[in-house]
Structure formats: C-alpha cells, structure tokens
Amino acid sequence: MTPQQQGTGSGTAAGRRTGFAEHIAAVQRIRRDYRALPRDAPVRLAKPTSNLFRFREPSSGPALDASGFTGVIAIDPVERLADVGGMTTYEDLVAATLPHGLMPTVVPQLRTITLGGAVTGMGIESSSFRNGLPHEGVQEMEILTATGDVVTATRDNEHSDLFHGFPNSYGTLGYSLRLRIELEPASPYVHLRHLRFHGAAEAMDALARICEDLEHEGQPVDFVDGVAFGPGELYLTLARFTDQAPWTSDYTGNDIYYRSIRRHAGRGPGDYLTLHDYLWRWDTDWFWCSRAFGAQHPLVRPLWPRSLKRSDVYRKLVAWDRRTDFFRLLTHYRGKRPQEPLIQDVEVGVERGAEFLDFFHSEIGMAPVWMCPLRLREPRRPELGEGEHIWPLYPLEDGRLYVNFGFWGLVDMKPNQRRAHHNRLVEERVADLGGHKSLYSDSFYGEDEFWRLYNGPAYSALKEAYDPGGRLLDLYAKCVRNR
C-alpha cells in the first residue's frame with residue numbers, strides 16, 4: 001500500500017486511524033511486555049469490552065496492553081484491501097471503509113466485536129450465505145504466538161497450518177496483531193423485504209432456494225437472515241444494495257427493528273435503511289434482549305439515551321448481574337422458579353433446520369430465535385484428504401448450506417432437573433443433527449466429547465507447534481472450564 005493510503009495516526013470521526021510505523025512500534029512494545037511476564041503468570045489481554053458470555057473471576061495478574069492494535073492501519077480502495085489492528089472494533093472499521101464505498105465481506109452484528117475476536121472466535125451475519133465467515137475474507141494474519149514470536153500466516157506460506165487453525169482457537173494459539181482483509185463494494189442504502197412463513201419446513205425450503213439462486217422474484221439478494229417468533233410464525237428478511245431510497249427508517253430511537261419485521265411483512269414496497277443503520281440494526285436493542293432491562297417499555301424508551309442503546313451497555317449490565325447475582329436473588333425472593341441462562345448460537349445443515357426448530361419450540365420454548373444462513377466460501381484445498389476440513393477447529397463441510405440459530409435468554413427450570421439441563425439438551429440435539437455450537441458462551445461438554453466435535457488431533461498438532469511449553473490455556477480449559 002502506498003503512503004497516501006496509510007492512516008495518519010490521529011483519531012477521526014471515521015474511526016481511529018494509525019499507520020504502519022505506529023503499528024511496528026506497538027508490536028515491539030507488546031513483545032517486550034510479553035517477555036516480561038512471569039513464566040507462571042496467566043496470559044491475558046487488557047480489553048475494555050468483551051462479547052463473550054463465558055464469565056470468569058477477575059484476575060489480579062498483569063495484562064498485556066493491546067491498545068496499540070485498535071485502529072485501521074491502511075486502506076487500499078483500488079485493491080479493496082485493509083490492514084487492521086486485531087483489537088479494532090467493527091464499528092471503527094466500518095466507519096473507515098464506508099467513505100470509500102466499501103465494507104468488510106462479513107460484518108458481525110454487534111458494534112464492539114473486534115476483527116481479531118471475530119477471526120479467532122466465530123463471526124457471522126446476513127452476508128455469510130455468499131461470503132462465508134469473517135476469517136474467509138482474511139489474506140494474512142500477524143500473530144503473537146505463545147513463544148513470544150510474531151509470525152505472519154497466510155494460506156500458503158510456512159505458517160498456513162496456523163492460518164487455517166486460528167479460527168475457533170479463542171486466543172489459545174496466540175493473538176492477532178494485524179490482519180489484512182478483503183473489502184467489497186457497498187451501496188449507500190439497503191432495501192429490505194420480509195417474507196412470512198407458517199412452518200419451519202416451508203421456511204427452510206425457501207431459504208435453501210434463495211441462497212442457491214441469490215435472487216427472489218427477479219430481484220438480487222445480497223443479505224439474508226430471519227426470525228422465528230414461534231412454530232407458526234417465521235420470517236425471512238431479504239435485503240439488497242441500492243443507490244437510492246425513497247425514505248429510510250430509523251431504529252436507533254423509539255422504533256424497534258425486530259418489531260418492524262411483522263409490520264412490513266407482505267406490505268407495500270418493504271423497508272429501506274442506510275447501509276450504516278442496516279449493519280447495526282441488531283445492535284441498538286441487542287437483537288431483542290434489551291427488553292430484559294426495560295429499554296423497550298414505552299415509558300422508559302424515550303428516556304433511555306440513544307448513546308446508551310448499544311450492545312456493549314447491555315453486556316455490562318449482564319456482567320454486573322453475574323457479579324452481584326441480583327436477578328437470581330430477586331427471582332428467589334419473589335417466589336418464582338429458578339431460571340437457567342440459555343445464550344447460544346448453533347449451526348445446523350439447512351436440510352435439518354426444521355427438525356432443530358421443532359425440537360427447540362417443543363423442548364425449550366424460547367422465542368424469538370434468530371436464523372442466519374451460511375456457506376463456506378473457501379474452495380476445498382486439493383491436498384486435503386477424506387474427512388479433513390478447510391478450517392479444522394470448526395469443521396463445517398464445504399459446499400453445504402448451514403443455518404445459524406441464535407437464542408439468548410432465560411428458561412424456567414423444573415425441580416430435580418440436571419445442571420444446565422436446557423443447555424445440554426441443545427448440545428446433544430445439535431450433535432445428533434451433525435451441527436456445531438459456537439464457543440463464545442458457556443459449554444458443558446465432557447472432555448472426550450468436546451475434542452471429538454472440535455478436532456482434538458488437529459488442535460494438539462497446532463498446540464505442539466506454536467505453544468510447545470503450554471504457556472496459554474488449551475481450548476477445553478478456556479471454553480468449558482472457564483479458566
């Protein structure tokens with residue numbers, strides 16, 4: 001990239017901008033700080049926000065300062081590439097790319113998800129049926145490994161094993177310091193159509209057809225997701241780029257996006273949003289979870305400032321509740337049943353999607369449920385053998401359309417139910433259907449079961465290569481034991 005395409009090093013309204021010189025200095029600092037950590041000290045990053053729902057006790061040990069990796073380093077609008085610090089939020093990244101008429105290939109739905117977090121974890125959004133997952137838009141990763149070395153991993157260099165094994169490693173193989181990502185052209189507006197379905201099988205059939213054709217009723221489809229409000233009320237939202245809009249809706253104030261789906265379904269010309277507001281349509285109310293804090297109550301909502309209608313604000317409230325146990329105690333003293341948190345995202349093949357929804361409605365009973373289709377974009381590498389996967393730690397089948405089902409809330413428990421009863425029901429049913437569960441939230445797998453689902457042999461080989469001394473936690477210890 002040319003010097004003119006590098007950041008200036010100063011913060012702007014279009015997201016914090018840095019430059020390669022500033023980035024190189026930050027790499028030198030974090031390597032020095034890492035070497036200074038006691039060998040027996042846990043390694044962790046100092047982060048102002050988190051979108052994980054695996055809550056651990058606060059650590060009193062030192063944390064690596066990652067603030068030098070929170071900016072966009074350079075954008076090349078001709079080649080449609082961006083070099084980005086690993087701790088850069090998608091909010092800042094999008095603010096830097098939209099003025100160029102570009103956006104990342106996949107933009108996860110919450111503003112403060114970081115690029116590095118979406119790659120080492122798993123991100124998804126409504127462009128995933130055509131662009132796959134966020135790590136599939138990465139060309140190279142600069143990674144601080146457990147040995148204190150900084151390596152650059154690409155698809156075909158000497159660290160290609162780390163490149164392909166980094167997704168779903170959750171910081172147990174190292175930390176991304178810089179990522180070079182692909183961008184795609186973006187229009188200023190998005191036109192939405194909401195289609196209603198009266199059964200899960202009907203909705204899954206339509207989803208498979210639309211994602212295969214990339215169009216519906218003669219109009220292109222650039223984004224697809226959906227909501228199941230119940231067994232007989234499901235909606236698919238089809239969106240397309242457009243350069244003009246007769247109006248735009250605003251769901252950052254008193255109006256609520258997910259409630260608008262029912263209102264606009266099958267009526268008139270649909271709905272229009274600016275691309276910026278479309279990308280963050282779910283963030284304002286954390287999908288629908290803001291209702292748990294009273295933020296959707298008609299008397300409260302006008303008083304709740306727009307600046308605080310954000311997912312990171314709600315997540316801090318949840319973290320406070322986990323620390324104080326306030327709502328559990330309130331439920332107990334009010335004489336109500338104890339409740340089990342069920343905060344999960346799972347992937348199931350579209351051909352089994354109706355089976356999962358039928359199970360979920362009958363055995364769990366939580367609604368709404370988010371639905372988002374995805375298909376791996378990466379072509380299968382010729383050297384892979386039978387049973388081997390492109391991204392080994394989250395082994396989705398290439399060419400297969402999956403549906404991500406997201407559900408986040410509390411479920412009433414009955415007397416004598418096992419610990420994590422509903423979570424285990426979901427884990428077992430997803431495994432029976434040949435699917436997978438994201439690991440950003442609590443998991444309850446036994447160790448043998450976990451490594452069978454998340455490719456223990458491939459992980460062990462990567463751990464031996466890049467963390468031979470066991471400096472970092474392993475994936476099971478971090479994601480199931482919550483260490």
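How many bridges pair strand 11 with strand 15, and in which sense? Some friendly notes follow.

1. This model is predicted, so to speak of local features a pLDDT of at least 70 is needed, side-chain atom pairs count only at pLDDT 80 or more, and totals for chains, interfaces and linings use all residues. Numbering starts from 1 along each chain as its sequence is written, and side-chain values use heavy atoms, with hydrogens and water left out.

2. Nine bridges pair strand 11 (189-197) with strand 15 in the antiparallel sense; pairing requires at least two DSSP bridges between two strands. Strands are DSSP runs of E, at least two residues, and helices runs of H or I, at least four, numbered from the N terminus. Leu195 stands opposite Leu236 of strand 15.

3. Strand 11 is also joined to strand 16 by four antiparallel bridges, with Val190 opposite Leu273. Seven of the nine residues of strand 11 are buried (under 20% relative accessible area, 1.4 Å probe, protein chains only).

4. These strands belong to an open, antiparallel sheet of eight, in the order 16-11-15-14-18-19-17-20. Its edges are strand 16 (271-274) and strand 20 (436-437). Two bridges join strand 20 to strand 17 (residues 339-349), and Glu347 has His436 as its bridge partner.

5. Helix 6 (residues 200-213) packs on this sheet, touching strands including strand 14 (223-230) and strand 18 (369-374); contact means heavy atoms within 4.5 Å. Its direction makes about 20° with that of strand 15, using axes fitted to C-alpha atoms, for helices over the stretch in contact, and angles from 0 to 180 degrees between N-to-C directions.

Terms used. Buried means under 20% relative accessible area, exposed over 50%, partly exposed in between (1.4 Å probe, protein chains only).
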